[in-house]
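User: Please take a close look at the lining of the largest pocket. I would like a connected account that goes on from there to the rest of the chain.

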Amino acid sequence: DDEYRRRMGAAIPFIVAMQEEAGLDIVTDGEWWRKSYIGVIAELAHGFELSTNPADGRPWTIVVDKLSPKQPGFIAAEVAFLKQITGRQIKATLPAPALLGERMWDADKSAKAYPTRESFVEACVPILRREVELLRDEGVAIVQIDDPHLCLFVDPDVRSRYDDADAAADFAVDMTNQTVEGIEGIKL
């Protein structure tokens, strides 16, 4: 952990300087503090286990217990570091709740805590919402909620994996909207 923090503490000012030199008005740290973009939820909440994906043997963080707050402000701390090295506006990113459901819920290992993928996604909303509020309070100019899975609902192969692909896409959008609804003072 100390070596990782030392290396990232040196690399991030470099990438911010590159963005500034390129003339960007809004900078980001590239999520380099995070060991996993999606797995950052495991920094924000208890209830996860690091496992191995049986399909490909890669590390896999999955939900195995009810979520409870762990480190609210983990992502806001990334911003606090950025504010020390730049005077530019800052953008922070969060994974969308439905994306977390697609990647971190398993029917066998997660069902005891959350019997459905949707129930896990709904539990992610308040955790992510709190982080958006903390990012706003830290002075972030823009919060980007990433859901690369959402665009896949145009693919017939992806759509065929759902009982109702349109309802699944609508659910994903609704969960993102609930994450940010009514939060003012920040661009989304």
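Analyst: In this predicted model, the lining of the largest pocket draws at least two residues from each of H2, S2, S3 and H4. S2 gives the most to this lining, with 6 residues. The pocket has a volume of about 690 Å³, and 25 residues line it, with Ser36, Gly39, Pro59, Trp60 and Thr61 lying nearest its centre. By class, the lining holds 10 nonpolar, 6 polar and 9 charged residues.

One of the contributors, H4, can be followed away from the pocket into the interior. Six of its residues, Pro97, Ala98, Leu99, Leu100, Gly101 and Met104, are buried; because these amount to 6 of the 8 residues of H4, the helix is largely enclosed by the rest of the structure. Leu100 also belongs to the largest nonpolar core, which has 41 residues, and it is among the members that touch the most others, together with Ile41, Phe48, Leu67, Tyr114, Phe120 and Leu135. At least two residues of this core come from each of helix H1 (2-21), helix H2 (41-44), strand S2 (45-52), strand S3 (59-69), H3, S4, helix H4 (97-104) and helix H5 (117-138). H5 supplies the largest share of the core, 8 residues.

Phe120 shows how such a core member is surrounded: once its neighbours within four places in sequence are left aside, its contacts are Phe48, Val63, Leu67, Leu100, Gly101, Met104, Trp105 and Tyr114. There is also a second, separate core of 5 residues, which includes Ala98, Val121, Val125 and Met175. Ala98 is thus a residue that appears both in this second core and in the list of buried residues of H4.

The second largest pocket brings in another helix. About 240 Å³ of space lies in it, and its lining consists of Asp1, Tyr4, Arg5, Trp33, Arg34, Lys35, Glu43, Phe74, Ala77, Glu78 and Phe81. The elements that give two or more residues to this lining are H1 and H3, and H3 gives the most, with 4 residues. The lining of the second largest pocket has 5 nonpolar and 6 charged residues, and no polar ones.

H3 also takes part in the lining of an enclosed space. Rolling a probe the size of a water molecule over the atoms shows where empty space is left. Counting only cavities of 30 Å³ or more, there is 1 in this model, and the largest cavity holds about 50 Å³ of space. The residues that line it are Thr28, Asp29, Glu31, Arg34, Ile75, Glu78, Val79, Leu82, Lys91, Ala92 and Thr93; two or more of them come from each of helix H3 (74-85) and strand S4 (89-95). Here again H3 gives the most, with 4 residues. In composition, the cavity lining divides into 4 nonpolar, 2 polar and 5 charged residues.

Arg34 and Glu78 are named in the lining of the cavity and also in that of the second largest pocket. Glu78 is a buried residue of H3, as are Ile75, Ala76, Val79, Phe81 and Leu82, and what covers these buried residues includes H1, H2, S4 and H5.

Glu31, another residue of the cavity lining, deserves a separate word. It lies in the loop between strand S1 (26-27) and H2, and its phi is near 60°, a positive value in a residue other than glycine. Most residues other than glycine have a negative phi. With a relative accessibility of 22%, Glu31 counts as partly exposed, since buried means under 20%.

The setting for these local features is a chain with 7 helices and 5 strands, whose elements run α-β-α-β-β-α-β-α-α-β-α-α from the N terminus on. The radius of gyration of the chain is 17 Å, close to the 16 Å that the globule rule gives for 188 residues, so the chain is as compact as a globular protein of that length. The C-alpha trace spans about 50 × 35 × 30 Å along its principal axes. Of the 188 residues, 43% are buried. Among contacts with a separation of 6 or more, 69% join residues 24 or more positions apart.

Terms used:
Residues are numbered from 1 along each chain as its sequence is written. This is a predicted model: local features need pLDDT of at least 70, side-chain atom pairs count only at pLDDT 80 or more; totals for chains, interfaces and linings use all residues. Side-chain values use heavy atoms; hydrogens and water are left out. On a 1 Å grid over the protein atoms alone, a cavity is a set of points where a 1.4 Å probe fits but cannot get out, and a pocket is an open set with protein on both sides within 12 Å along at least five of seven lines; lining residues have an atom within 4 Å of a point. Grid points are joined across faces, edges and corners, and a volume is the space filled by probe spheres set on the points. Ala, Val, Leu, Ile, Met, Phe, Trp, Tyr, Cys and Pro count as nonpolar, Asp, Glu, Lys and Arg as charged, and the others, Gly among them, as polar. A nonpolar core is a set of buried Ala, Val, Leu, Ile, Met, Phe, Trp, Tyr and Cys residues joined through side-chain atoms within 4.5 Å. Buried means under 20% relative accessible area, exposed over 50%, partly exposed in between (1.4 Å probe, protein chains only). Contact means heavy atoms within 4.5 Å. The radius of gyration is taken over C-alpha atoms; the globule rule is 2.2 Å times the number of residues to the power 0.38.
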